[in-house]
Amino acid sequence: MVVALLKKQQDENTAVASRIRVEQVSHGFDTLTGRLDVLEDIDLDIAPGEFVALLGPSGCGKSTLLRLVAGLEPASAGCITQDDKPITRPDPSRIVVFQDPTLFPWRTVWDNIALGLEAQGILKQEKARVDAALQKVGLEGFEKSYPHQLSGGMAQRVALARALVNNPKVLILDEPLGKLDSLTRLELQSELVSLWLKNGFSVLLVTHDVEEALFMAQRVIIFTPRPAKIAAELAVDLPYPRHRGDPKLAGLRHEVLDRLGLGTSW
Ligand SMILES: Nc1ncnc2c1ncn2[C@@H]1O[C@H](COP(=O)(O)OP(=O)(O)OP(=O)(O)O)[C@@H](O)[C@H]1O
Ligand SMILES: [Mg+2]
């Protein structure tokens, strides 16, 4: 039933979301001490509107994979496509949000959010999109504030709004809540899920937090230590909104920790 509903939702999302296919992707870096293999034979298919979380040991290659999907560098081998077209460069339809909000300190909240539209030369006619993005993340009233006047959670909301203003078809999140205090983190997890449900874009989320992955994603991919290979994949077949105390989440948590080699630590 849940699967059928999500499938229906995903079909409806096709217009606003992209399919991302990662096919036989390997990647490495040439360093002073030789070749460093980081990703090995990764195959990943993200359906339009799907929410997928990536978990794995520190340094295994998660951010590297996100950079490839964002188009920031080409894969050493294999192919990554967005709606069957090879990804060769960054594009406003695929937006990355990092752990640090990296706002421009001399620009107001409104001007920071407006950046993407300004870069595309469409700000003048599309100003309403900036106001809409501000409203989506609950920052009305702070449009004239400067970054130093914001809390960490608010700054990360600005970073999210700066991504959403582009109407992305894929939102790429690299530990976006990693630096926030635990309460703000829980609050923003729920907000991100509602934004996803309302907007329908596909999400690729990297997190170190097993509960966060299970609370938010429909599917969790677990990587091996570097070079990252896919070690396991788990479907989180639970409806939204989810409840943190759901015993099914606790069961899945145990399974994920086991797959990460931390089965005894709970
Ligand atoms: N530009 C680069 N040149 C050389 N090595 C790199 C480069 N970028 C990343 N690496 C190496 O690739 C490996 C994977 O890095 P990556 O940032 O993808 O890991 P990660 O899984 O995101 O780790 P974390 O969970 O700590 O963020 C690391 O060993 C890192 O040193
Ligand atoms: Mg990383």
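**Exercise 1. Where is the place of glycine 71? Is glycine 71 buried or exposed?**

Solution. The model used here is predicted.
Step 1. Find the elements on either side: glycine 71 is in the loop between α2 (62–70) and β4 (77–82).
Step 2. Take the relative accessibility of glycine 71, which is 7%. Buried means under 20%, so glycine 71 counts as buried at 7%.
Step 3. List the contacts, leaving aside neighbours within four places in sequence: glycine 71 touches Ile87, Thr88, Arg89, Pro90 and Arg94.
Step 4. Add a distance: the C-alpha atoms of glycine 71 and proline 86 are 9.5 Å apart, with these positions 15 residues apart along the chain.

**Exercise 2. Classify the aromatic pair formed by phenylalanine 104 and tryptophan 106, then the pair formed by tryptophan 196 and tyrosine 240.**

Solution.
Step 1. The count of aromatic pairs comes to three. In the pair of phenylalanine 104 and tryptophan 106, the ring centres are 4.9 Å apart and the planes make an angle of 35°. Planes under 30 degrees apart count as stacked and over 60 as edge-to-face, so the pair at 35° is tilted.
Step 2. Compare with accessibility: phenylalanine 104 is partly exposed at 33%, and tryptophan 106 is exposed at 59%.
Step 3. For tryptophan 196 and tyrosine 240, the centre-to-centre distance is 5.1 Å and the angle is 70°, an edge-to-face pair.
Step 4. Place the two residues: tryptophan 196 is in helix α7 (residues 182–199), and tyrosine 240 is in the loop between β10 (230–235) and α9 (247–259). The pair links distant parts of the chain, 44 residues apart.
Step 5. Tryptophan 196 is buried, with a relative accessible area of 0%, and tyrosine 240 is buried at 17%.
Step 6. Phe51 joins Trp196 and Tyr240 in one aromatic cluster.

**Exercise 3. Describe the open sheet of six strands and the helices that lie across its strands.**

Solution.
Step 1. Write down the order: β6-β7-β8-β3-β9-β10, with mixed pairing.
Step 2. Identify the edges: β6 (94–97) and β10 each pair on one side only.
Step 3. Look at one pairing inside the sheet: β3 (residues 51–55) and β9 (residues 219–223) are parallel and share four bridges. Leucine 54 has isoleucine 221 in β9 as its bridge partner.
Step 4. Add the helices. Helix α2 lies across β3, β6, β7 (170–174), β8 (202–206) and β9, at about 155° to β7. Helix α9 lies across β3, β9 and β10, at about 175° to β10.

Methods. Residues numbered from 1 in each chain as written. Chains lettered and ligands numbered in written order. Predicted model: local features only at pLDDT ≥ 70, side-chain atom pairs only at ≥ 80, totals over all residues. Heavy atoms only, no water. Phe/Tyr/Trp six-rings, centres within 6.5 Å; stacked < 30°, edge-to-face > 60°. Buried < 20%, exposed > 50% of the residue type's maximum accessible area, 1.4 Å probe, protein only. Contact = heavy atoms within 4.5 Å. Pairing = 2+ DSSP bridges. Axes fitted to C-alpha atoms, helices over the stretch in contact; angles between N-to-C directions.
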